[in-house]
Amino acid sequence: MARAQGIHPDFELNQANAASIAEIVRRLDGIPLALELAVARLRLLAVDQIAERLNDRFRLLTGGRRTALPRQQTLQAMIDWSWNLLDEKERLLLQRLSVFSGGWSLEAAQAVTSDDRLDEYDVFDLLEQLVNKSLVTVSYPAAGEARYGLLESIHQYGRDRLFESGEGEILRDRHADYFVAFSEEAAPHLAGSTVLMWTERISLELDNLRAVLAWTMEERLDLTLRIGGSLLYRGASWLFPREIRSWLEPVIEQSRDLLDQEGSRIRKEDFVKALLALTLANGFQGRSDLAFSLAEEGIQLARSIGASRHVAAAIAVKHFQHPFNVPFEGMRELEEAISISRENSFDLELGLSILVYAIALDAHGNWEMAMPYYQEAIEISRTVNYQQFNASIFRAHTRLLKLLGSLDEVKKYILPTLERYEALNHRRGLLMGQSALAHLLRQEGDLDEAETYYRRSIVGWQELGHRSAVAHQLECFAYIAIARGNYEYAARLLGTARETRQQLNALSEDPREIEELALAMERLAEAMGEEERDKSMAQGELVDLDSAVEICLQEIPDPL
């Protein structure tokens with residue numbers, strides 16, 4: 001601070017520049033010399049401008065000079081000095097390690113960086129030497145296996161050297177191949193007893209996976225599809241749906257025209273699985289109509305290549321978008337998916353198909369027919385232990401427990417389930433559980449506790465970009481307000497929710513939600529009169545969804 005004030009006497013740390021200052025310190029690894037050089041740039045640049053230019057920190061901090069003597073005390077000179085103390089093989093490994101993002105394991109380093117110039121034993125020995133010289137960092141995460149990394153300044157320096165050497169694209173290809181193989185190895189483990197261990201492994205490699213996706217989107221669409229068809233389709237609870245869409249939407253669009261081209265590297269099965277991953281991402285955000293059409297495309301392509309497993313999965317995912325409104329031909333499709341899955345022992349696809357079939361029967365009023373399908377789906381979920389499926393089955397299980405058991409039994413089921421989803425970082429499952437518990441508490445009359453859970457879940461659905469789920473949470477806040485006698489406040493929330501649903505073409509199809517909303521409208525009409533209710537709802541329609549969420553996060557006002 002004193003150095004900065006020596007240049008600008010009125011300089012101070014405040015809310016406007018705090019984030020940029022923190023970013024500068026992080027990106028420069030807290031190195032005192034580097035920070036002093038950054039402060040010197042305040043003569044010409046604002047703090048946020050310095051932060052923006054740190055991708056080429058050496059030119060920024062040394063005034064554009066690429067070489068300097070150690071005594072000149074520049075960041076470039078300091079790292080040059082350390083570099084020059086290394087032998088040839090140490091330099092070679094260090095620059096090759098810069099291809100990783102966010103760290104790496106010993107196994108990954110040996111697979112990606114070794115060749116006829118550096119064998120695997122060289123990598124092992126040299127890595128230890130680079131750690132001893134403080135050029136490579138080492139940590140031991142809870143999973144146990146050592147993780148290695150580079151300070152960001154060293155990382156950029158090594159990356160510059162890597163591409164100057166002409167090896168940049170070769171190493172980037174090796175890095176991509178390794179993590180595509182890692183994705184395909186991980187996919188089968190995202191269900192069953194090993195899911196937690198593999199979820200942790202994937203979380204450690206997220207920066208590497210993101211780097212590979214960014215690279216392959218430009219150069220190798222087939223590899224992007226292979227990652228999408230393994231990790232993202234099988235389970236991407238560690239990514240936000242909007243991020244999955246950002247990867248897969250352009251790749252799917254570009255790949256469609258290449259499917260039938262002679263010599264294309266793109267495999268139709270990878271395309272189908274990536275298409276279903278994109279379907280799920282859209283469904284998780286409440287973009288049901290788009291998800292429905294993508295799943296239909298997946299069904300047709302899967303049929304054309306004889307991929308029966310993906311036919312069954314795509315049918316289940318398609319009708320899960322509108323499970324309360326499945327037409328006759330849709331019921332026949334679901335019966336086909338159930339038959340395919342039973343005949344081939346596709347347990348996950350069977351569970352999904354049965355679940356959607358049960359919901360559809362229930363919505364048509366065939367509760368007695370639906371119940372054995374619900375129970376079978378729940379039993380399959382215990383065997384399969386696939387988190388996306390288990391999250392989807394959550395509501396079915398709570399409904400069964402309510403109808404066949406007691407509210408206490410529902411709570412005993414929900415609370416440990418919440419803990420499991422939190423341990424897995426499974427956002428959608430956690431939010432569904434929080435919402436289910438909030439609904440239960442509200443129906444029991446415990447409004448304060450219900451409100452606490454709704455505040456958590458509404459923010460989570462907002463972060464996921466699931467706007468129709470946020471609209472439903474607003475409706476639930478309105479029901480609490482009605483129970484407390486805050487009728488005008490409730491009507492405004494219902495107005496915002498109604499406008500949001502209409503914009504999204506996402507009116508609820510759940511008979512229980514429709515019934516609860518109709519009852520709330522009746523109570524408001526009785527308390528306020530229809531004219532005043534409709535006037536307040538019209539005012540709520542003018543409030544945007546994010547502003548309404550902010551209102552809900554405040555204390556619900558007492559009635560006047």
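**Figure 1. Close-up of Ser-345 in the predicted model, where this residue counts as exposed at 56% relative accessibility.** The model shown here and in the following views is predicted. Ser-345 belongs to the loop that runs between α19 (328–344) and α20 (347–363). Its phi is near 55 degrees, a positive value in a residue other than glycine. Most residues other than glycine have a negative phi.

**Figure 2. Close-up of Asn-505 in the loop between α27 (487–504) and α28 (511–528).** Although Asn-505 is not a glycine, its phi is positive, at about 55 degrees. With a relative accessibility of 59%, Asn-505 counts as exposed, the cut-off for this class being over 50%.

**Figure 3. Close-up of a patch of negative charge on the surface, formed by Glu-169, Asp-173, Asp-177, Glu-218 and Glu-219.** Two helices, α11 (168–186) and α13 (206–219), each supply at least two residues of this patch. Helix α11 provides the largest share, 3 residues. Glu-219 lies in helix α13. The relative accessible area of Glu-219 is 48%, so this residue is partly exposed.

**Figure 4. Close-up of helix α12 (residues 195–204) and its buried residues.** The buried residues of α12 are Val-195, Trp-198, Thr-199 and Ile-202. They lie on the same side of α12, because the arc they cover around the axis is only 105 degrees. Buried here denotes a relative accessible area under 20%.

Note on methods. Residues are numbered from 1 along each chain as its sequence is written. This is a predicted model: local features need pLDDT of at least 70, side-chain atom pairs count only at pLDDT 80 or more; totals for chains, interfaces and linings use all residues. Side-chain values use heavy atoms; hydrogens and water are left out. Patches are made of residues with over 30% relative accessible area and no salt bridge: like charges are joined within 9 Å, nonpolar side chains (Val, Leu, Ile, Met, Phe, Trp, Tyr) within 5 Å. Accessible areas come from the Shrake-Rupley method with a 1.4 Å probe; for residues, only the protein chains shown count as cover. A salt bridge is a side-chain nitrogen of Lys or Arg within 4 Å of a carboxyl oxygen of Asp or Glu. Lys and Arg count as positive and Asp and Glu as negative; His and the chain ends are not counted. The place of a charge is taken as NZ of Lys, CZ of Arg, CG of Asp or CD of Glu. Helices (H or I, at least four residues) and strands (E, at least two) are DSSP runs, numbered from the N terminus. Buried means under 20% relative accessible area, exposed over 50%, partly exposed in between (1.4 Å probe, protein chains only). The arc is that of the directions from the helix axis to the C-beta atoms.
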